[in-house]
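Q: Could you walk me through this one? I'd like to start with the charged side chains and then move on to the strands.

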Amino acid sequence: MRIGIDVGGTNLKAGLTDGDGRLLAVERRPLDFRGAEAFAADLADMAEAVRTAAGVSRETLRSVGIGLPGAVSGGEILYTTNIPMEHVPLAELLRRRLGVPVLLGNDADCAAAGEYLRGAGRGCRDFAVVTLGTGVGAGIILDGRLRGGAASSEAGHMVTHAGGEPCPCGSRGCWEQYASAPALIRQTRAAMAAHPESLLHPLAAERGSLDGQTPFLAAQAGDETALAVCRAYVEELAAGIAGIVNLLRPEAVAVGGGVAGAPEELLLEPLRERVGAMSYARHGGRATRILRAELGNDAGVIGAALLGRVI
Ligand SMILES: [Zn+2]
């Protein structure tokens, strides 16, 4: 039995899995950050709660894995995004409380581990997951091992537009500035301002807000402005994925996160075509399959629980 805990910006989710990553119990709590020691105590408490909920004895617990938004190295948190922690030896703090080995991974790496072992990447040796959310995350598995720890991928900060939009990371033109959900929303707003006749206006009003699904819904209803937004977005997405494909030539890249729920014919189908056109593999050799991630919000928890199998 293993436990994975997915640390989000505002929530914690713990899951207990068997050795194959089947989820047997899940526990969710809001994140109430009061310092590193209290954080470790809260995580230990959650691990105990999910173990008890599953009716599993302490002796059968093999390991605990923690997925964190930020950078980790070995058992240390280097920094976390939106949670004020730097250079915290979290694995050791937790191991002292729980008495089992504790592994840390960043959230994109955990999602990749989960999809590789239990989801879209089953059967692959070289595989990547691209997560489209507030940012663009990517986790990479090469020859069955996670490209993780201090050398984690930061694919969202590949420069796809030299001299382009400024990025909070300090660079300009990062892929994330064009392919994240907030970027898609920005692109949709700009199109709406230029096209007052677009169906996007009544649709956004009806839904109460504009989100990453709005342009796809309007495009499905035949709105030309929305179709153009979706096409342009797919082009941005394809540019980064083609970079990953040309660099690593993985067997598959799975796309996850909120935006990935868009209809197949508006996202994945044109994405496959555009990545294919931008990939050197069109000259032969291994072609990379572009898939939808399968585990949804469970990928992080399952991957954190199974980290030991890919590190
Ligand atoms: Zn950046």
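Q: How many salt bridges does the structure hold?
A: This is a predicted model, and it holds 19 salt bridges.

Q: Which residue does R96 meet in a salt bridge, and at what distance?
A: The side chain of R96 meets that of E92, with 3.3 Å from N to O.

Q: And where do R96 and E92 lie?
A: Both of them belong to helix α2, which covers residues 90-98, and they are four residues apart, a spacing of about one turn of the helix.

Q: Is R96 buried or exposed?
A: R96 is exposed, its relative accessible area being 59%, whereas its partner E92 counts as partly exposed at 31% relative accessibility. The cut-off for exposed is over 50%, so the two residues fall into separate classes.

Q: OK, what about R207, which side chain does that one meet?
A: The side chain of R207 meets that of D211 in a salt bridge, and the N to O distance is 2.9 Å.

Q: What are the relative accessible areas there?
A: For R207 the relative accessible area is 35%, which makes this arginine partly exposed, and D211 is likewise partly exposed, with a value of 27%.

Q: Which residues are joined into one network by salt bridges that share partners?
A: That network is made up of D18, D20 and R22.

Q: And R29, what is its partner?
A: R29 forms a salt bridge with E27, the two side chains meeting at 3.6 Å from N to O. R29 itself is partly exposed, with 25% of relative accessible area.

Q: Switching to strands now: what is the order in the three-stranded sheet?
A: The order is β5-β6-β7, in an open sheet whose strands pair in the antiparallel sense.

Q: Which strands stand at the edges?
A: Those are β5, residues 70-73, and β7, residues 86-88; each has a single partner strand, so one side of each is left without a neighbour in the sheet.

Q: What does the twist average?
A: From one strand to the next, the twist averages 20°.

Q: Can you zoom in on β5 and β6, and say how many bridges they pair over?
A: Strand β5 and strand β6, the latter spanning residues 76-80, are paired over four bridges, and the sense of that pairing is antiparallel.

Q: Which residue of β6 does A71 stand opposite?
A: A71 stands opposite Y79, which is in β6.

Key. Residues are numbered from 1 along each chain as its sequence is written. This is a predicted model: local features need pLDDT of at least 70, side-chain atom pairs count only at pLDDT 80 or more; totals for chains, interfaces and linings use all residues. Side-chain values use heavy atoms; hydrogens and water are left out. Two strands pair if DSSP finds at least two bridges between them. Helices (H or I, at least four residues) and strands (E, at least two) are DSSP runs, numbered from the N terminus. Axes are lines fitted to C-alpha atoms, for helices over the stretch in contact, and angles run from 0 to 180 degrees between N-to-C directions. A salt bridge is a side-chain nitrogen of Lys or Arg within 4 Å of a carboxyl oxygen of Asp or Glu. Buried means under 20% relative accessible area, exposed over 50%, partly exposed in between (1.4 Å probe, protein chains only).
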